[in-house]
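Please look over the structure shown here and read it alongside the following report.

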Amino acid sequence: MVSSTRRTTSSLSATTAAAIAAAAAALMVSVAFATAQYTPATSAAPGAAAAGAAAPYTPGAAGAAPSGPCTSSIILRLDGNLLGTGDLNAYKTNWIEVEHVDNFAINGHGIIDGQGPLVWTHNQCNKNYNCKILPNSLVIDYSTNVTVRGITLKNSKFFHLNIYESKNVVIDKVTITSPGDSPNTDGIHVGDSTNITISSTTIAAGDDCISIGPGTKMVRVNGVRCGPGHGISVGSLGRYKDEKDVEDIIVTNCTIKGTTNGLRIKSYEDSKSQLRATKFLYDGITMDNVSYPIIIDQKYCPNNICSASGTSKVAVTDIVFKNIVGTSATPEAVTLNCANNLPCQGIQLHNVDLKYAGQGNTTLSVCKNVAGKSSNVAKELACV
Ligand SMILES: *[C@@H]1O[C@H](CO)[C@@H](O)[C@H](O)[C@H]1NC(C)=O
Ligand SMILES: *[C@@H]1O[C@H](CO)[C@@H](O)[C@H](O)[C@H]1NC(C)=O
Ligand SMILES: *[C@@H]1O[C@H](CO)[C@@H](O)[C@H](O)[C@H]1NC(C)=O
Ligand SMILES: *[C@@H]1O[C@H](CO)[C@@H](O)[C@H](O)[C@H]1NC(C)=O
Ligand SMILES: *[C@@H]1O[C@H](CO)[C@@H](O)[C@H](O)[C@H]1NC(C)=O
């Protein structure tokens, strides 16, 4: 994935329901609004999302509208099909931005369709390191207590959903869908955020299904189906200066199918900042024909853009892979490629059982500079 998290220009800063209504009107879409004065966003339960048409937004409804600033929760219900224009000049940076909004929910059964096929040929990021970044579909920045539930994000121009500098975000029962060969269409990217839950979500993408960037703590991923795509990744780490640690990531009960990578941690060979990737648990993951099911790469260097003399400054420690089963599309089911100047420490493999999906070979592990332990793992895969 290519990082776009540092772009924060606001084009839709939704601080009140009225502002969202106006913005939606500007987008020429049909969206139903429900305001829930003084109701926590968590009241937007799946039942509520499925309960037919929401009440229309009625400013100043009897007994509901306080005077002064709107400090109540906002629930935006999306049931229509929202189409992004193919005219790139129409976008400042991203498409739909939610910034500095606390206690906010989007739910419904609608589709946010970026119409990426109209513009994907304009993406030059595989050729140019400082490429122009196409609009992300839905961006949540500087926000606390946000829920996105039930909706579908389809064919984004760039990332489908980007979460930056936010806290207590729940992504539940969301569907993300784009072709496996669409450029940089990461499903969900999270950066500089804390307490992010992604559950019961299905992601087909042209890049990482989920990518977790620097400065992110306390991520819970449960019940995600990923594929096609590049898997569930932490990183890339070390690309920029002053990146913060990634810590406390738990990924459970997921299925990863037909992707290039499964569970990946990647950091630049010539990292620009010093940070730690630590305390990750991957438990209960089924791989189905994944090219590199388990991969830690401390020497990540796409398109050979790194300086060869680079040394790693990203410490990878205390990473547990437990109950990881299924098949690998290449024999190299476990790859732990760590730097000699900063070996990976505390890497654990427990009950890892990955078979080769092809014919005439078996799976093996390729490991460098790694310390830790294994239990209940075939010796060909148990390199720690
Ligand atoms: C977020 O939700 C929690 C729990 O409902 C609440 O205590 C807190 O004040 C909320 N944060 C903000 C910034 O509204
Ligand atoms: C994490 O976020 C969830 C959902 O918003 C909230 O219920 C929970 O209290 C938060 N946990 C912490 C430690 O803030
Ligand atoms: C596992 O994930 C599925 C969705 O893929 C979900 O329905 C189920 O509740 C999850 N199980 C647990 C134990 O979390
Ligand atoms: C596994 O994936 C490879 C390419 O990644 C593909 O060529 C092969 O047909 C797939 N095998 C199965 C059994 O799906
Ligand atoms: C099995 O896979 C390994 C690693 O890709 C390769 O080096 C080896 O030649 C393969 N063996 C056979 C019999 O194809």
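Strand β16 supplies the largest share of the shell around ligand 3, namely 3 residues, where strands (E, at least two residues) and helices (H or I, at least four) are DSSP runs numbered from the N terminus. A residue belongs to such a shell if its C-beta atom, placed from the backbone, lies within 6 Å of the molecule. The table sets this shell beside that of ligand 2, with Ala, Val, Leu, Ile, Met, Phe, Trp, Tyr, Cys and Pro counted as nonpolar, Asp, Glu, Lys and Arg as charged, and the others, Gly among them, as polar.

| Ligand | Residues around the ligand | Classes in the shell |
|---|---|---|
| Ligand 2 | N145, N168, V170, N195 | 1 nonpolar, 3 polar, no charged residues |
| Ligand 3 | S200, N222, G223, R225, N253 | no nonpolar, 4 polar, 1 charged residues |

This is a predicted model, in which local features need pLDDT of at least 70 and side-chain atom pairs count only at pLDDT 80 or more, while totals for chains, interfaces and linings use all residues. Residues are numbered from 1 along each chain as its sequence is written, and chains are lettered from A and ligands numbered from 1 in the order in which they are written. The mean pLDDT (the predictor's confidence in each residue, from 0 to 100) is 85, and 81% of the residues reach 70 or more. Over residues 1–67, however, the pLDDT is below 50, although this stretch has 115 contacts in the model beyond near neighbours in sequence.

The loop between β16 (217–226) and β17 (232–237) holds H230, at which an unreviewed UniProt entry places the feature "active site"; UniProt positions follow the numbering used here, feature names are shortened, and annotations may be inferred rather than shown by experiment. H230 counts as buried because 25 other C-beta atoms lie within 10 Å, the cut-offs being 20 or more for buried, 12 or fewer for exposed, and partly exposed in between, with C-beta atoms placed from the backbone. Apart from neighbours within four places in sequence, H230 is in contact (C-beta atoms within 7 Å) with D207, D208, T259, T260 and N261.

The largest nonpolar core, a set of buried Ala, Val, Leu, Ile, Met, Phe, Trp, Tyr and Cys residues joined through C-beta atoms within 7 Å, has 86 residues, and I210, I232 and V316 have the most contacts inside it. Strand β20 (residues 275–290) gives the most to this core, with 7 residues. Beyond four places in sequence, the contacts of I232 include C209, I210, V221 and C226.

In the protein as a whole, 2 helices and 26 strands make up the secondary structure, and 47% of the 384 residues are buried.

Notes: Two residues are in contact if their C-beta atoms, placed from the backbone, lie within 7 Å.
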